[in-house]
Amino acid sequence: MNPVKITETALRDGHQSLIATRLKTDEILPILSKMDEVGYHAMEVWGGATFDACLRFLDEDPWERLKKIRKVVKNTKLQMLLRGQNLLGYKHYPDDVVETFIKKSVEKGIDIIRVFDALNDIRNLETSVKAINEAGAHCQCAISYTTSKVHDIEYYVELSKKFEKLGADSICIKDMAGILTPYFAYELVKRLKEEVNIPLELHNHCTSGIASMTYLKAVEAGIDIIDTAISPFSNGTSQPATESIALTLKDGIRGSKLNLDVLNDIAQYFKPIREKYRDNGILNPKVMEAEPNTLMYQVPGGMLSNLLSQLKGQNALDKYEEVLKEIPRVREDLGFPPLVTPLSQMVGTQAVFNILSGERYKIIPKEIKEYVKGLYGRSPAPIDDEIKNTIIGNEKVITVRPADLIEPGLKKYEEQIGDLAKSVEDVLSYALFPQVAKGFLENKNKPEEQYENQEIHYITVTM
Ligand code: CO
């Protein structure tokens, strides 16, 4: 039996799940050469939140981060997460932006691109898969895993076959909410291994407290690769700990090939960093608590905390339970979309509106209307005519691939950002996060002298 391969997520999902993606490049760089010795299958280092947080909170260029990581990591594959036609953002981008973004990401050092669509509508993956193949990177298509009356094993078998046909080099079961239960995982993995010929990876979260057990059953069923995070950035809403999983597998017939001593060194390095974020409040102890509610309501952990703060802002915390119960109802109305970005936020917001306004669909966000019109892709199950009518009246539903309706956009972004962009990468940063990237580039391009003055001013203020 072949050993289980491990993808380390600490530098993307791990710190995204636990400390709001705040790890700085300076905190990452010193340990990279050690991480490169472990024998990981890959290290996940880039994605929507890492890109956004670099620009928004850390005053860092995400492209520079990637370049610096690549320079040190010579043996291990670098992986990123991409939201298909949404790239790293929350809406569909034109094909030319998708193609250029992928080309540049691979050029700057990404080896494996895990690409998914929130609705599992493969039309939304066509352009990215083609671009990833053309760029020579490994294309991993991810299933946005969820449960509903339409999401049974047959559904996932069909989807995986479509991925394989589309040009995927491997498939990932992406369980963002941590709701894949151990025995079902066994059945699912076993079936998929029989039906598809490319490697299979499992990505889950500890949110509901069952993730390690799910991994173990998946290993028994023949999963090729699993995702874990080094212990200081593991558990809670993150992945199971790399060391714990490696130790668990050690005595089995599929023991991983990871170097446990080096893993310990890496954990020792990250511990004080994690402590720092706990002390300054960025690591909220709440994210470390097992939340079996996710299993009952199918709501990802990140969405629960989002919901709490939304309700707190409206002075309506007493409606929390009611909103939680409304979420599965909205989800059913909308044809059971998986609760992953951006659908999780959209469904959550609609549920909040339905409860707080006292009448279902009295207030409907623009995004929900666009979703029902088909602009995000095809809903997993058809939407009832009655619901459709309530939400969009007699407006038409599109049947083409949503991005077919979007004009090429790279030129437009180039013109808008003008001289502030010094490279295609700058233009892409702007295309993805317009306001944030513009602010970042303005700051970066300030003449030295003016910049110094700024710093002095800043120090004066904080003193
Ligand atoms: Co994840």
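Let us begin at a meeting point: the largest cavity lies between domain 1 (5-279) and domain 2 (299-399), because both domains give residues to its lining. The model we are walking through is a predicted one. The largest cavity holds about 50 Å³ of space, and its lining consists of Asn86, His92, Asp117, Ala118, Leu119, Asn124, Pro342, Leu343 and Tyr376. Sorted by class, that lining has 5 nonpolar, 3 polar and 1 charged residues.

One of these lining residues, Pro342, deserves a pause. The peptide bond that joins Thr341 and Pro342 is cis, with omega at about 0°. Pro342 itself is found in the loop between helix H15 (320-333) and helix H16 (343-356).

How many cavities of 30 Å³ or more does the structure hold? There are 2 of them. The second largest cavity has a volume of about 30 Å³. Around this cavity you will find Tyr145, Thr146, Met176, Ala177, Ile179, Gln298, Pro300 and Leu339. Its lining is made up of 6 nonpolar and 2 polar residues, with no charged ones.

From enclosed space we can turn to an open one. The second largest pocket has a volume of about 310 Å³. Where does this pocket lie with respect to domain 1 (5-279) and domain 2 (299-399)? It lies between them, since both domains give residues to its lining. The residues that line the pocket are Tyr90, Lys91, His92, Lys366, Glu367, Glu370, Leu375, Tyr376, Pro402, Leu405 and Ile406. They divide into 6 nonpolar, 1 polar and 4 charged. If you have kept the largest cavity in view, look again at His92 and Tyr376: they appear in the lining of the largest cavity and also in that of the second largest pocket.

It helps to set these spaces against the overall layout. The protein chain is divided into domain 1 (5-279), domain 2 (299-399) and domain 3 (408-452). Taken over C-alpha atoms, the centres of domain 2 and domain 3 are separated by 34 Å.

Now let us visit the metal. Which residues coordinate the cobalt ion? Asp13 does so through OD, while His203 and His205 each use NE2, at 2.0 to 2.1 Å. Along the sequence, these donor residues follow the spacing D-x189-H-x1-H. Asp13 lies in helix H1 (residues 10-19) and His203 in strand E7 (residues 200-203), so this pair ties together parts that are 190 residues apart in sequence. Both Asp13 and His203 are buried.

The strands come next, and strand E2 (residues 42-46) is a good place to start. E2 is mostly covered, with 5 of its 5 residues buried. Strand E1 (residues 5-8) pairs with E2 in the parallel sense over 2 bridges, and Glu8 has Met43 of E2 as its bridge partner. E2 is also joined to strand E3 (residues 77-82), again running parallel, by 4 bridges. Here Met43 stands opposite Leu78 in E3. Following Met43 therefore takes you from its partner Glu8 to Leu78 in E3.Strand E6 (residues 170-174) offers another view of the interior. Is E6 largely enclosed or open? With 5 of its 5 residues buried, E6 is largely enclosed by the rest of the structure. Ser170, Cys172 and Lys174 point one way from the strand, Ile171 and Ile173 point the other way, and all are buried. Strand E5 (residues 138-144) pairs with E6 in the parallel sense over 5 bridges, and the bridge partner of Ser144 in E6 is Lys174.

Two backbone details round off the walk. Leu87 has a positive phi of about 50° although it is not a glycine. Its place is in the loop between E3 and helix H6 (95-107). Is Leu87 buried or exposed? At 0% relative accessibility, Leu87 counts as buried.

Asp59 also has a positive phi, near 50°, and is a residue other than glycine. Asp59 sits in the loop between helix H4 (48-56) and helix H5 (62-72). With a relative accessible area of 42%, Asp59 is partly exposed, whereas Leu87 is buried.

Definitions and conventions. Residues are numbered from 1 along each chain as its sequence is written. This is a predicted model: local features need pLDDT of at least 70, side-chain atom pairs count only at pLDDT 80 or more; totals for chains, interfaces and linings use all residues. Side-chain values use heavy atoms; hydrogens and water are left out. On a 1 Å grid over the protein atoms alone, a cavity is a set of points where a 1.4 Å probe fits but cannot get out, and a pocket is an open set with protein on both sides within 12 Å along at least five of seven lines; lining residues have an atom within 4 Å of a point. Grid points are joined across faces, edges and corners, and a volume is the space filled by probe spheres set on the points. Ala, Val, Leu, Ile, Met, Phe, Trp, Tyr, Cys and Pro count as nonpolar, Asp, Glu, Lys and Arg as charged, and the others, Gly among them, as polar. Domain bounds come from an automatic or database domain assignment. Donors are N, O and S atoms within 2.8 Å of the metal (3.2 Å for Na, K and Ca); water is not among the atoms, so sites may look incomplete. Buried means under 20% relative accessible area, exposed over 50%, partly exposed in between (1.4 Å probe, protein chains only). Two strands pair if DSSP finds at least two bridges between them.
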